[in-house]
Amino acid sequence: MGILSKIATNNGHGEDSAYFDGWKAFDRNPFHPTQNPGGVIQLGLAENQLCFDLIKDWITKNPYASICTAEGVEDFKDIAIFQDYHGLPEFRQAVAKFMGKGRGGRVTFDPDRIVMGGGATGANELIMFCLADPGDAFLVPSPYYAAFDRDLSWRTGVQIVPVHCDISNNFKITREALEAAYERAQEASINIKGLIITNPSNPLGTTLDRDTLKSLVSFINDKNIHLVCDEIYAATVFSSPKFTSVAEVIQEMDCNRDLIHIIYSLSKDMGLPGFRVGIVYSFNDTVVNCGRKMSSFGLVSSQTQYLLASMLSDDEFVDNFLVETSKRLAKRHHNFTKGLEQVGINCLKSNAGLFFWMDLRHLLKEKTLEGEIALWRTIVNDVKLNVSPGSSFRCTEPGWFRVCFANMDDDTLQVALNRIAVFVEQDKESEKPTKKRWQQNLRVSFSSRIYEQGVMSPHMMSPHSPIPQSPLVRART
């Protein structure tokens with residue numbers, strides 16, 4: 001491997017983690033209701049597929065918004081030629097307006113502060129390149145997004161210092177925990193450059209309250225370090241309390257705004273991860289200018305900008321979309337979590353995101369990391385559900401799992417619930433159920449429907465990955 005670079009060949013990507021291994025299991029054997037009913041159901045992908053009908057309807061009614069239609073082709077040349085890396089002005093204006101609407105209209109955003117990145121993954125890496133040097137570190141409350149190690153550290157050389165949170169206070173971030181992590185880093189001669197938070201939280205599906213946000217801003221202001229707020233799930237809030245953005249909080253505080261930065265994307269709120277729209281919004285003029293230059297390596301295509309500028313400028317569409325997506329997420333979350341409650345499985349109370357934090361501590365054979373991974377392997381390999389173990393998110397307490405609920409139809413959801421019910425019942429009957437008995441019981445369901453095990457060629461590719469057995473093409477989940 002000496003002829004290749006260290007950055008390309010090191011293990012910083014995290015491909016060998018349980019988080020990505022579950023995706024590989026799905027890619028090898030993806031569930032299909034008729035072609036492969038015994039395949040793996042994807043519950044590890046945080047994707048919002050519940051409102052595509054609304055987007056499809058808008059596109060049908062607005063063909064001029066695309067340069068690849070008869071109605072819009074007249075603008076093809078103007079959009080296809082070279083575009084400045086600042087982005088189309090109408091695109092930045094539309095995104096800024098959408099960001100404000102997604103935060104209840106309580107705060108406005110300046111289009112001139114919007115910097116493009118290749119999805120939220122590219123935006124997160126871009127802000128790291130702007131704020132830190134190799135060897136510097138950021139505090140990140142855990143559990144945190146499983147691919148942060150890749151997004152923030154792999155190519156930048158930036159370190160992550162976890163701030164451990166636990167169930168004793170429902171995984172809330174406290175000033176005391178931040179101070180303790182900061183002091184430990186100082187003692188280890190680690191240069192802390194900032195704090196990164198996700199709000200709403202991935203993987204918890206919870207939102208930070210105003211007082212907590214003020215406490216975090218005060219903390220970074222006192223330490224003179226940066227605060228990066230990943231708000232890519234801002235418009236996925238489906239029940240109270242409402243979402244509060246850091247942009248709203250700092251309007252009420254006397255703080256150094258040059259230290260505040262927001263990461264945004266249309267991958268979750270709009271359900272458009274394939275469009276690779278990532279945004280860095282900084283209150284620091286120098287970061288905006290530096291970020292624009294660095295964004296040359298991860299721009300959003302001008303064709304995508306053109307379409308979205310038109311779509312997001314349609315107030316009637318956007319207002320209806322935000323209301324409807326909230327309703328549909330609430331219904332799906334309720335149906336899934338209530339179904340789990342019926343078989344004795346509880347989840348952390350949540351109000352946002354495309355997932356929930358499932359508590360399987362009572363099903364662990366031993367309350368250790370090894371016990372969690374053993375249970376996860378059973379769920380993936382035998383129950384055929386790709387859920388993500390808490391340890392992938394740096395959770396220190398074994399037995400928690402992230403379950404995504406918005407990337408499937410209602411029938412697939414019911415199949416997943418049926419499988420879980422059979423598994424829980426099997427666990428009650430025997431501490432060591434065999435695969436043969438599991439396969440027999442797989443035919444049992446709440447609705448009395450029969451789901452036969454199917455056989456699928458290992459060479460068949462998943463519809464979610466253009467590269468066989470490679471889940472890594474999805475840069476943000």
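**Figure 1. Overview of the predicted model.** Of the 477 residues in the protein, 57% are buried. The model is predicted, with 16 helices and 13 strands in the protein. Among contacts with a separation of 6 or more, 74% join residues 24 or more positions apart.

**Figure 2. Confidence along the chain.** The protein has an average pLDDT of 87, and 88% of its residues score at least 70. Strand 6 (residues 226-230) has the highest confidence, at 98, while helix 16 (residues 435-441) has the lowest, at a mean of 50. For residues 441-477 the pLDDT is below 50, although this stretch has 98 contacts in the model beyond near neighbours in sequence. Predicted coordinates should not be read in detail where pLDDT is low.

**Figure 3. The seven-stranded sheet.** This open sheet has mixed pairing and the strand order 2-8-7-6-5-3-4. Strand 2 (114-118) and strand 4 (159-164) are its edge strands, and each pairs on one side only. From one strand to the next, the twist averages 25°.

**Figure 4. Strand 2 and the helices packed beside it.** Five bridges pair strand 2 with strand 8 (residues 277-282) in the antiparallel sense. Within this pair, Gly117 is opposite Gly278 of strand 8. Helix 5 (residues 89-101) lies across strand 2, strand 7 (260-265) and strand 8, and runs at about 95° to strand 2. Helix 11 (residues 285-294) also packs on the sheet, where it touches strand 2, strand 7 and strand 8. The direction of helix 11 makes about 35° with that of strand 2.

**Figure 5. Strand 3 inside the sheet.** Strand 3 (residues 137-142) is largely enclosed by the rest of the structure, because six of its six residues are buried. Side chains in a regular strand alternate between the two faces of the sheet. In strand 3, Ala137, Leu139 and Pro141 point one way, Phe138, Val140 and Ser142 point the other way, and all are buried.

**Figure 6. The partners of strand 3.** Strand 3 runs parallel to strand 4, joined to it by six bridges, and parallel to strand 5 (residues 192-198), joined to it by three bridges. Leu139 has Val161 as its bridge partner in strand 4 and stands opposite Leu195 in strand 5. Together with helix 7 (residues 148-154), strand 3 and strand 4 make a right-handed β-α-β unit.

**Figure 7. The largest nonpolar core.** This core has 153 residues, and Met270 and Phe336 are those with the most contacts inside it. Helix 15 (residues 410-429) supplies the largest share, eight residues. Apart from its neighbours within four places in sequence, Met270 is in contact with Ile55, Phe98, Met311, Leu312, Phe317 and Phe321. In soluble globular proteins, nonpolar side chains tend to be buried together.

**Figure 8. The four-stranded sheet.** This open sheet is antiparallel, with its strands in the order 9-10-13-12. Strand 9 (346-347) and strand 12 (388-389) stand at the edges with a single partner strand each, so one side of each has no neighbour in the sheet. Strand 9 and strand 10 (residues 355-359) run antiparallel and are joined by two bridges; Cys347 stands opposite Met358 in strand 10. Helix 14 (residues 369-381) packs on this sheet, touching strand 12 and strand 13 (400-404). The direction of helix 14 makes about 35° with that of strand 13.

Note on methods
Residues numbered from 1 in each chain as written. Predicted model: local features only at pLDDT ≥ 70, side-chain atom pairs only at ≥ 80, totals over all residues. Heavy atoms only, no water. pLDDT = per-residue confidence, 0-100. Contact = heavy atoms within 4.5 Å. Pairing = 2+ DSSP bridges. Axes fitted to C-alpha atoms, helices over the stretch in contact; angles between N-to-C directions. Core = buried A, V, L, I, M, F, W, Y, C linked by side-chain atoms within 4.5 Å. Buried < 20%, exposed > 50% of the residue type's maximum accessible area, 1.4 Å probe, protein only. Right-handed = clockwise from strand over helix to strand, strands pointing away.
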